[in-house]
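Let's take a stroll through this one together. Have the model open and be ready to rotate it as we go.

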Amino acid sequence: MTTPKVAKTKSRFSRHLITRLILIAFGLGLALALGWQIQAEQPPTDPALAVSANQATRLNLLAQVETLTTSTDTLTGHISSGDMTTLKADLSQIRNTVYNHQFDVAQLMLADFVTSRAHIKHIAILMPPPPPPPTIVIPTAQAVTTLGPGQIPILIYHKPPADLEAQLQVLKAKGYTTVRMAQVAAHLRNGGIDAGWPAKPVAITFDDGFSQQMSAFALLQKYHMSATFYLIVGHPTPGFCLGLSQDKTAPCADSYLTWDQAKTLVDSGLIEIGDHTMDHLDLSKQTADIQSYQILEAKGELESRLGVTITSFAYPYGSYNATTISILAANGFTNAVTTNQTMSQSLEGIFTLGRVRNTYLLP
Ligand SMILES: [Zn+2]
């Protein structure tokens, strides 16, 4: 009865072996896991060290090339002795070595670049985020620009430009306050000591009285800005195409404001009406009598029909002579504007005031 005993022993041995195998496998697994864990916790190789190792190799390679290329004495010797075969072989070797080393150096430089990039990335992750940029306060144009002494910009317009509203907004943004020409004259005549004169005055003027100027008037009302409109009177003659008395039934190149519209301007309290003559002639070429008629007839018509006192004048074409100024000065006018492009105004030049055209260039 030994067989069962053997079988029993064999069976026990088998079970023992399986247990051992399981234990070994477990141990191996544990060792592997621990090993992996240790491996994972190993600090990465310093990329800077790898770069410097590459650098050393590179320098070594370059030194070898240097050695080869400096052995010129040997080559000169071959040339002197006429040993062309050896010379050729030496040159070939030099060429190959230089080529190969250059290739190696290039490879190393590329490797350095890749390592450095990884290193920079690694440092960038560790670094704290940069602080937010400081808030910069930019001073506004209004705060830094002023008019020079004696400067009063007088803007000249005819038909309103498409960007007139933008121009009015620019004037507001730059801190300008609008003044009418009678106010400019008073300011110059009293030596600039009038109360309420703005720090940054600007006079807006419209010449000729084209009907399109009603849209400019609407914008001036919108922004509550004042202006001076120089109107041509003209004649109530059939087919007459000029000024307030234009024959509206005639085929005319330009359309002018009506008397009713001129009254609307006056009634707004924003607009001063100025004299721009009866027929818009070049006054410098007219006799004193014709000049008087052109200036004074228009003044009388405007005053009686609009119920205002006219004290401001604009020369047609900006053209005048000494007679023109004499007539103005002797007949209740206080000021006159030209088309001379200047902002510098004075009492001496009160009948030859300059006007400027570009709102955007004002200080
Ligand atoms: Zn004109």
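How many bridges join strand β2 to β3, and do the two run parallel or antiparallel? There are 2 bridges, and the strands run parallel. Keep in mind that this is a predicted model. One of the pairings to look for here is T177 with its bridge partner P201 in β3.

Stay on β3, since other strands pair with it too. Strand β1 (residues 154–157) is joined to β3 by 4 bridges, again in parallel, and L155 has I204 as its partner. β4 also pairs with β3 in the parallel sense, over 4 bridges; there, F206 is matched with F229. With those neighbours in view, check the burial: 7 of the 8 residues of β3 are buried, so to speak mostly covered.

Now for the link between two of these strands. β3, α8 and β4 make up a right-handed β-α-β unit. In α8 (residues 213–222), the buried residues are Q213, A216, F217 and L220. Looking down the helix axis, they fall within an arc of 105 degrees, so they line one face of α8. Turn to the face pointing away from that buried side and you'll find the exposed residues A218 and K222.

What sits over the buried residues of α8? The cover includes β3 and β4 themselves, along with α6 (164–173), α9 (259–267) and β5 (271–275). After the helix comes H224, with a positive phi near 50 degrees.

Zooming out, the protein chain has 11 helices and 7 strands, and buried residues make up 23% of its 363 residues.

Technical notes
Residues are numbered from 1 along each chain as its sequence is written. This is a predicted model: local features need pLDDT of at least 70, side-chain atom pairs count only at pLDDT 80 or more; totals for chains, interfaces and linings use all residues. A residue is buried if 20 or more other C-beta atoms lie within 10 Å of its own, exposed if 12 or fewer, and partly exposed in between; C-beta atoms are placed from the backbone. The arc is that of the directions from the helix axis to the C-beta atoms. Two residues are in contact if their C-beta atoms, placed from the backbone, lie within 7 Å. Two strands pair if DSSP finds at least two bridges between them. A crossover is right-handed if, with the strands pointing away from the viewer, the path from the first strand over the helix to the second runs clockwise.
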